[in-house]
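Dear colleague,

Please find below the structure that I am handing over to you. My account of what was found in it follows.

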Amino acid sequence: DLMKDLFRFMILLGLFLSGFTLEMTVLNQPAYPQEFCETIGLYPARSSMTGRWIEYTEGIAVLVLQFRKLSFALFGLTDDDDMTKDSVCIPSWGKDLIVVMYGVYLVISMIVLVNLLIAMMSDTYQRIQRQSDTEWKFGR
């Protein structure tokens with residue numbers, strides 16, 4: 001029973017993580033063409049990881065980066081500055097939206113999902129306790 005509950009919880013956590021990863025990936029896409037961003041000063045930017053100029057990232061690279069950031073956020077190893085550090089050609093309101101959605105993700109994952117896990121484990125413990133009492137009475 002305990003492993004079933006953990007498996008169900010991991011599926012639910014995976015759904016939340018993948019959904020917010022896709023949402024953060026979409027929010028981190030450039031809002032304007034590169035030429036326009038260069039004229040208004042939103043481009044280029046330096047990567048926080050490599051220190052090189054950031055190019056427009058496409059496809060799976062942004063997805064993996066956002067998945068890694070959100071996974072590390074579950075353990076408190078990411079803050080809101082990390083979510084917008086590598087954003088290229090995104091207006092200030094877009095970066096604010098990223099921070100707000102990151103806050104929503106933290107509230108859902110840390111508070112709601114952890115309390116759900118505690119409730120599931122408590123329910124499983126009570127079921128096992130009831131069954132053990134019944135088995136003990138019939139075993140005498």
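Two residues are said to be in contact when their heavy atoms lie within 4.5 Å, and a residue is called buried when its relative accessible area is under 20%. Please note that this is a predicted model.

Overall architecture

The chain contains five helices and zero strands, so its pattern along the sequence is simply α-α-α-α-α. Of its 140 residues, 27% count as buried. Among contacts with a separation of 6 or more, 70% are between residues 24 or more positions apart. The exposed area of the chain is about 9,300 Å², and carbon and sulfur atoms supply 66% of it.

Helices 1 and 3

Helix 1 comprises residues 2–27; at 1.5 Å a residue its 26 residues should span 38 Å, and the 37 Å between its end C-alpha atoms agrees with this. Its buried residues are Asp5, Phe9, Leu13, Leu17, Phe20, Thr21, Glu23, Met24 and Thr25. The cover over them includes helix 3 (60–73), helix 4 (80–84) and helix 5 (92–139).

Helix 3 has 14 residues, for which a span of 20 Å is expected, and its end C-alpha atoms are 20 Å apart, in agreement. Val62, Leu65, Gln66, Lys69, Leu70, Ser71 and Ala73 are buried in this helix. Helix 1, helix 4 and helix 5 are among the elements that cover them.

The nonpolar core and the surface patch

In soluble globular proteins, nonpolar side chains tend to be buried together. In this model, the largest nonpolar core consists of 10 residues: Leu17, Phe20, Met24, Leu70, Ala73, Met83, Ile90, Ile98, Tyr102 and Tyr105. Helix 1, helix 3 and helix 5 each give two or more residues to this core. Leaving aside residues up to four places away in sequence, Ala73 touches Thr78, Tyr102, Tyr105, Leu106 and Met110.

There is also a nonpolar patch on the surface, of about 640 Å², made by Tyr32, Phe36, Ile40, Trp93, Leu97, Val100 and Val104. Helix 2 (34–40) and helix 5 each supply at least two of the patch residues. Helix 5 gives the most, with four; Val100 is located in helix 5.

Salt bridges

How many salt bridges does a search of the whole structure find? The search finds three.

In one of them, the side chains of Asp5 and Arg8 meet with an N to O distance of 2.5 Å. These two residues are three apart in helix 1, and therefore about one helical turn separates them. Asp5 counts as buried because its relative accessibility is 4%, whereas Arg8, at 48%, counts as partly exposed.

Asp5 also meets Arg127 in a salt bridge, at 4.0 Å from N to O. This pair links distant parts of the chain, with Asp5 in helix 1 and Arg127 in helix 5, 122 residues apart. Arg127 has a relative accessible area of 26% and is therefore partly exposed.

Arg127 forms a further salt bridge with Asp123, whose closest N and O atoms are 2.8 Å apart. Both residues lie in helix 5, four residues apart, or about one turn of the helix. Asp123 is partly exposed, at 36% relative accessibility. Through shared partners, the salt bridges join Asp5, Arg8, Asp123 and Arg127 into one network.

Yours sincerely

Notes:
Residues are numbered from 1 along each chain as its sequence is written. This is a predicted model: local features need pLDDT of at least 70, side-chain atom pairs count only at pLDDT 80 or more; totals for chains, interfaces and linings use all residues. Side-chain values use heavy atoms; hydrogens and water are left out. The expected span of a helix is 1.5 Å times one less than its number of residues. Buried means under 20% relative accessible area, exposed over 50%, partly exposed in between (1.4 Å probe, protein chains only). Accessible areas come from the Shrake-Rupley method with a 1.4 Å probe; for residues, only the protein chains shown count as cover. Patches are made of residues with over 30% relative accessible area and no salt bridge: like charges are joined within 9 Å, nonpolar side chains (Val, Leu, Ile, Met, Phe, Trp, Tyr) within 5 Å. A nonpolar core is a set of buried Ala, Val, Leu, Ile, Met, Phe, Trp, Tyr and Cys residues joined through side-chain atoms within 4.5 Å.
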